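Here are some quick notes from a pass through this one. Have the viewer open and follow along.

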Amino acid sequence: MKTEKEKMCSGDYYFSNDKELAMDRHKAKKLLHRLNVTEYLMNANARSILRELLPNASKKIYIEPPFHCDYGYNLQLGEGVYFNVNCVVLDAAKVTIGNHVFIGPGVQLYTATHPTNALERRTHQMAKPITIGNDCWIGGNAIICPGVSIGDGCTVGAGSVVTKDIPANSLAVGNPARVIKKLEE
C-alpha cells in the first residue's frame with residue numbers, strides 16, 4: 001500500500017492531514033519563517049535556508065521574501081529563476097520551472113485541487129503538476145491552476161488565470177487566460 005505522501009506525489013487522492021505530510025509542512029513553515037522574518041534579505045543565510053527548503057532547485061535562483069510554499073521538495077527550479085515578492089506555491093505535486101524564468105509579484109501556483117463532492121472533500125484532495133518552460137515571464141498576480149503546462153518563451157499577462165496549457169512562444173492574458181499573440185522565438 002502507498003503512503004499518503006506517495007499518493008500525493010503520484011497524483012492520487014490522499015489525506016492531507018496525514019502525520020508525515022503534516023510534519024513535512026511544519027518543517028517547510030519553520031524554514032519559511034526564517035526566510036521571511038529572520039532574514040528577509042537575500043544573503044548567505046537566506047541562500048542556506050533556500051537550499052534546505054528547495055533541495056531540487058538550482059543554486060542560481062533568487063527569491064524575494066516573503067515567499068510561501070507547502071513542502072518545498074516538490075519544486076524543481078532551473079538556473080536564473082526569479083520570484084518577486086508575495087508568491088505562493090502550493091506544491092503538493094511537482095512544480096517544474098525551467099531556466100531564466102521571471103515570476104512577478106503575487107503570482108500563485110496551485111497544484112492542489114479538491115473533489116467537487118462535498119463529503120469527499122472533507123477527507124480527500126489531489127494534486128496535479130505544473131510545468132513552466134524556459135525563458136518565461138509570469139506577470140504579477142497571475143494564477144496558474146493545477147495540471148497546467150506553459151511552453152518555453154511564453155509571457156503570461158498580469159492578473160491572468162491560466163486554466164489550460166499555453167503553447168510555446170505565446171502571449172496569454174485574461175481570465176481565463178487565452179493566447180492572443182504568437183511571440184518570436
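The points below cover one helix, the nonpolar cores and a sheet.

1. First, a reminder that this is a predicted model, so read every point as a statement about the prediction.

2. Start with helix H3, residues 44-53. The buried residues there are Ala46, Ile49, Leu50 and Leu53. They sit on the same side of H3, because the arc they cover around the axis is only 100 degrees. That fits the usual helix geometry: with 3.6 residues a turn in an α-helix, residues three or four places apart point the same way.

3. What do the buried residues of H3 pack against? Their partners are helix H2 (19-39) plus two strands, S1 (61-63) and S2 (67-69).

4. Have a look at the N-terminal end of H3 too, where Asn43 acts as the cap. One of its side-chain oxygens is 3.0 Å from the backbone nitrogen of Asn45.

5. Now the cores. The largest nonpolar core counts 43 residues, and Phe67, Phe83, Ile132 and Ile150 have the most contacts inside it. Setting aside neighbours within four places in sequence, Phe67 is in contact with Leu32, Leu35, Asn36, Leu75, Phe83, Cys87 and Val89. Another core, of seven residues, lies apart from the largest one; Met8, Leu21, Tyr71 and Ala93 are among its members.

6. Last, the sheet. It is open, with four strands in the order S3-S6-S11-S14 and parallel pairing. S3 (75-77) and S14 (149-150) are the edge strands, each pairing on one side only. S14 pairs with S11 (residues 130-132) over two bridges, in the parallel sense, and Thr131 stands opposite Ser149 of S14.

Key
Residues are numbered from 1 along each chain as its sequence is written. This is a predicted model: local features need pLDDT of at least 70, side-chain atom pairs count only at pLDDT 80 or more; totals for chains, interfaces and linings use all residues. Side-chain values use heavy atoms; hydrogens and water are left out. Buried means under 20% relative accessible area, exposed over 50%, partly exposed in between (1.4 Å probe, protein chains only). The arc is that of the directions from the helix axis to the C-beta atoms. Contact means heavy atoms within 4.5 Å. A polar contact is a pair of N or O atoms within 3.5 Å; within protein, one must be able to donate a hydrogen and the other to accept it, and residues adjacent in sequence count only if both atoms are side-chain atoms. A nonpolar core is a set of buried Ala, Val, Leu, Ile, Met, Phe, Trp, Tyr and Cys residues joined through side-chain atoms within 4.5 Å. Two strands pair if DSSP finds at least two bridges between them.
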